[in-house]
Amino acid sequence: MVDLRFFYAIYGLARQSAVLDWFGIFFAQYLPYFIGAAFVVFLAWGIGGDRRRRMYDALFVALALLLARGFFAELLRAVFVRARPPEALGIIPLISAPSSAAFPSGHATFFFALAFSIFFFENGSLVKRKKIFLGAIFIFGAALIGLGRVFVGVHWPLDIAGGAAAGFLSVYIARLLLPRFPEP
């Protein structure tokens, strides 16, 4: 199974170096707080535009995150009940593993939805180049969180990929559901 090979390639690096373990734990547990705070700052002050447009973008992100974490992640977990690596392989993870099903990763679903939402902003003052740059930074951060979750042994690589796909789908559906921002 390819997923198992990728898991062992990443998790196999755990407990080999205290520094590498520190980074893995940081990415898995603490980076989400920094990414979330950075996104709030970005949303509040960094995207420009008037207050109404920023509120619209915040509503769009809230809808996308609600769909991602509150609907798609839970629906997929109910349909595809999958044990986490500690249960399936009898390994000891570097952090405590949640008791919920593994697929998809809730962290990946949430943070990839956050990252992908930037590409769907309609903010006129957020130029395309800036949108691509900031979106890529947040996607990189979401990928580091996902990689960290595999490294510490609480997720399979496919859980992260499924979370990324669910995150993108939720943002796309949020864009379809939310009417366009009214131009003055």
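This is a short talk about how helix H7 packs against two other helices, plus a few individual residues.

Okay, hi everyone. One thing up front: what you're looking at is a predicted model.

Let's start with H7 itself, residues 157–177. That's 21 residues, and from the first C-alpha to the last H7 reaches 30 Å, close to the 30 Å you'd expect at 1.5 Å a residue. Which residues of H7 are buried? Going along the helix, we have Pro157, Asp159, Ile160, Gly162, Gly163, Ala164, Ala166 and Gly167, and then Ser170, Val171, Ala174 and Arg175. Note that Asp159 and Arg175 are both in that buried set.

So who does H7 pack against? A quick reminder for anyone who doesn't do this daily: a packed pair of helices is described by the angle between the axes and the distance between them.

Take H3 first, residues 51–79. The H3 and H7 axes come within 8 Å, and they cross at roughly 130°. The cut-off for roughly antiparallel is over 145 degrees, so the H3 and H7 pair counts as oblique. The crossing of H3 past H7 is right-handed. On the H3 side the contact uses Tyr56, Phe60, Leu63, Ala64, Leu67, Ala68, Phe72 and Leu76. On the H7 side you've got Ala166, Leu169, Ser170, Val171, Ile173, Ala174, Arg175 and Leu177. How does that contact divide by residue type? It's 14 nonpolar, one polar and one charged.

If you look at the numbering on the H3 side, here's the general background: an α-helix has 3.6 residues a turn, so residues three or four places apart point the same way.

Now the other partner, H5, which is residues 106–119. Here the axes of H5 and H7 are 7 Å apart, and the packing angle is about 45°. Roughly parallel would need an angle under 35 degrees, so H5 and H7 are oblique to each other too. The H5 and H7 crossing is right-handed. From H5, the contact residues are Ala108, Thr109, Phe112, Ala113, Phe116 and Ser117. H7 brings in Ile160, Gly163, Ala164, Ala166, Gly167, Phe168, Ser170 and Val171. The split for this one is nine nonpolar, five polar and no charged.

Let me zoom in on one residue there, Ala108 in H5. Buried or exposed? Ala108 is buried, at a relative accessible area of 2%. Leaving out residues up to four places away in sequence, Ala108 touches Ala113, Ile160, Gly163 and Ala164. Leu43, on the other hand, is 65 residues from Ala108 in sequence, and their C-alpha atoms are 20 Å apart.

Just ahead of H5 there's a backbone thing to flag. Phe103 and Pro104 are joined by a cis peptide bond, with omega at about -10°. Pro104 is in the loop between H4, residues 85–89, and H5.

Another backbone one is Arg15. Arg15 isn't a glycine, yet its phi is positive, about 65°. You'll find Arg15 in the loop between H1, residues 2–11, and H2, residues 18–46. At a relative accessible area of 43%, Arg15 is partly exposed.

Last one: Ala136, in H6, which runs over residues 128–151. Ala136 has 42% relative accessibility, so it counts as partly exposed. Coming back to H7, Asp159 is 23 residues along the chain from Ala136, and the C-alpha atoms are separated by 21 Å.

Okay, that's me done. Happy to take questions.

Terms used:
Residues numbered from 1 in each chain as written. Predicted model: local features only at pLDDT ≥ 70, side-chain atom pairs only at ≥ 80, totals over all residues. Heavy atoms only, no water. Axes fitted to C-alpha atoms, helices over the stretch in contact; angles between N-to-C directions. Helix = DSSP H or I, 4+ residues; strand = E, 2+ residues; numbered from the N terminus. Parallel < 35°, antiparallel > 145°, perpendicular 65-115°, else oblique. Left-handed = near helix turned anticlockwise from the far one by under 90°. Contact = heavy atoms within 4.5 Å. Nonpolar A, V, L, I, M, F, W, Y, C, P; charged D, E, K, R; others polar. Expected span 1.5 Å × (residues − 1). Buried < 20%, exposed > 50% of the residue type's maximum accessible area, 1.4 Å probe, protein only.
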